[in-house]
Amino acid sequence: MNNQKILEKNTSNLPKPSTIKLKNKLIKKIILIPIISVLLLLLVYHEKIKTFSLFKKEKIYLDQYETNIFYQIKQKLIENHCSDMWANQREFLNGVIRKFLPKKILEIGVNRGGSSIIILNAIKDIKNSKLFSIDLFSDKIIGKCVKEYFPELSKKWQLFTGNIASEFMEKIGKNIDLVFIDSGHWEPGEILDFLMILPFLKENAIIIFHDIANQITVSKVRDEWAPYIIFNGIRGKKILPSGNKILTHDIGAIILENNQKKYYHDYFRLLGGQWQYFPKEIYINSLKKHFKKYYDKECLFMFNEAVVFNREFVKNNPKKAFYKINSD
Ligand SMILES: C[S@@+](CC[C@H](N)C(=O)[O-])C[C@H]1O[C@@H](n2cnc3c(N)ncnc32)[C@H](O)[C@@H]1O
């Protein structure tokens with residue numbers, strides 16, 4: 001066979017240029033089109049995808065989550081001066097509730113009821129959901145905005161006033177899905193609130209704390225340490241609002257880790273700082289009874305130690321003890 005013939009024989013097995021073109025077209029269609037579509041989808045749903053992938057890294061950007069629900073009441077809430085929170089904090093509170101759809105919710109710290117309204121509005125379409133709210137004070141202002149401006153939301157609301165949480169928890173009962181705490185801010189404030197309610201929470205319950213950065217952002221005073229200490233001390237997944245802050249975000253949520261009992265001693269150790277006020281003796285007695293019932297001897301021992309040292313400190317340093325409301 002001469003060279004020409006060999007070449008013809010070999011090339012006769014190769015696809016013709018027209019078949020190559022067709023194949024290329026097919027490859028383009030089969031591979032490129034789906035890739036481009038996925039990229040386009042990623043672009044369109046970028047915000048949502050960001051939300052859920054950040055969740056894995058223990059941060060969710062939820063302040064834009066289902067805000068349509070929140071916007072139904074936003075204007076009325078602001079016009080009537082009901083809220084003690086900033087815009088993104090209100091949206092974060094709404095977003096966490098809409099994401100997790102809790103049924104049994106507890107709130108500590110009501111004031112005029114701004115946060116109660118946000119929660120009640122966010123659960124209005126959740127079947128069998130209910131909000132229990134507690135405030136230390138019982139004057140007329142507590143919960144006033146719910147009663148005056150949003151009475152239609154109060155069907156799912158029960159308000160307890162005039163005492164600390166330990167006095168109400170047995171009436172409220174166990175299996176709480178989500179808690180929002182925005183109460184005293186000075187130590188031991190929210191640390192005690194958390195210890196009072198912890199045995200009543202569901203496994204993996206969610207706790208939202210307001211004012212977790214007041215000790216650094218409230219420029220002149222810098223004395224509100226309790227929410228910062230307890231938020232950082234609790235074991236679980238921390239969730240923060242979006243934005244380029246981390247330490248200075250003033251609201252945050254925690255999804256509790258399984259089996260919180262193993263951390264009870266660590267939590268009681270958080271009471272060992274310098275208290276900024278000393279609670280009334282009737283509250284100390286109520287707390288002792290409550291802690292004796294729901295925690296072990298070591299926890300009670302730590303509480304008693306903290307009480308003895310801080311009672312003494314406040315007595316000897318009345319000018320250093322900030323808080324007057326709870327003190328005798
Ligand atoms: C900052 S206001 C709450 C504002 C409300 N969460 C809102 O955003 O509209 C704090 C409230 O906590 C209440 N408070 C303080 N210490 C408390 C405690 N140990 N237990 C329950 N309520 C407490 C105060 O009476 C006050 O009404």
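In what follows, a residue is near the ligand if its C-beta atom, placed from the backbone, lies within 6 Å of it. On that basis, 20 residues surround the ligand, and those that come nearest are Gly109, Gly114, Ser115, Ser183 and Gly184. I should say at once that this is a predicted model.

Let me stay with the ligand for a moment. Two elements give two or more residues to the shell around the ligand, namely helix H6, residues 114-122, and strand E2, residues 130-135. By character, the shell divides into eight nonpolar, seven polar and five charged residues.

I turn now to the chain as a whole. The chain has 14 helices and seven strands. Of its 328 residues, 37% are buried. If we take the contacts between residues at least 6 apart in sequence, 77% of them join residues at least 24 apart.

Next, the sheet. How are the seven strands ordered? They form an open sheet that runs E3-E2-E1-E4-E5-E7-E6, with mixed pairing. At the edges are strand E3, residues 157-161, and strand E6, residues 236-239, each of which pairs on one side only. From one strand to the next, the twist averages 15°.

Helix H9, residues 189-197, packs on this sheet and touches strand E1 (104-108), strand E4 (176-181) and E5. The direction of H9 makes about 165° with that of E4. H9 is mostly covered, with nine of its nine residues buried. Among these buried residues are Glu190 and Asp193, together with Ile191, Leu192, Phe194 and Ile197.

Strand E4 deserves its own remarks. Five of the six residues of E4 are buried, so the strand is largely enclosed by the rest of the structure. E4 pairs with E1 in the parallel sense over four bridges, and within that pairing Ile108 has Ile181 of E4 as its bridge partner. E4 also pairs with E5 in the parallel sense, over five bridges; here Ile176 is partnered by Leu201 in E5.

In which sense do E5 and E7 pair? Strand E5, residues 201-210, and strand E7, residues 251-256, pair in the antiparallel sense over five bridges. One reference point for inspecting this pairing is His210, whose bridge partner in E7 is Ile251.

That brings me to the core. The largest nonpolar core holds 74 residues, and the members that touch the most other members are Val96, Ile117, Ile119, Val179, Ile197, Ile207 and Ile208. I shall take two of these in turn.

Ile119 is found in helix H6, the helix that also contributes to the ligand shell. Is Ile119 buried or exposed? The cut-off for a buried residue is 20 or more other C-beta atoms within 10 Å. Ile119 has 28 such atoms and is therefore buried. Leaving aside residues up to four places away in sequence, Ile119 touches Leu93, Ile97, Ile105, Glu107, Leu131 and Phe180. Ile119 and Phe70 are 49 residues apart in sequence, and their C-alpha atoms are 9.4 Å apart in space.

Ile207, with the same exclusion of residues up to four places away in sequence, touches Val179, Ile181, Ile234, Ala253, Ile254 and Leu256.

Finally, some points of backbone geometry. Most residues other than glycine have a negative phi, and most peptide bonds are trans. Three places in this model are worth viewing against that background.

The peptide bond from Glu187 to Pro188 is cis, with omega near 10°. Pro188 lies in the loop between E4 and H9.

Asn111, in the loop between E1 and H6, has a positive phi, near 50°. With 19 other C-beta atoms within 10 Å, Asn111 is partly exposed, because a residue needs 20 or more to count as buried.

Asn128 also has a positive phi, near 60°, and lies in the loop between H6 and E2. Where does Asn128 stand in terms of exposure? The limit for an exposed residue is 12 or fewer C-beta neighbours; Asn128 has 8 inside 10 Å and so counts as exposed.

How values were computed:
Residues are numbered from 1 along each chain as its sequence is written. This is a predicted model: local features need pLDDT of at least 70, side-chain atom pairs count only at pLDDT 80 or more; totals for chains, interfaces and linings use all residues. Two strands pair if DSSP finds at least two bridges between them. Axes are lines fitted to C-alpha atoms, for helices over the stretch in contact, and angles run from 0 to 180 degrees between N-to-C directions. Two residues are in contact if their C-beta atoms, placed from the backbone, lie within 7 Å. Ala, Val, Leu, Ile, Met, Phe, Trp, Tyr, Cys and Pro count as nonpolar, Asp, Glu, Lys and Arg as charged, and the others, Gly among them, as polar. A nonpolar core is a set of buried Ala, Val, Leu, Ile, Met, Phe, Trp, Tyr and Cys residues joined through C-beta atoms within 7 Å.
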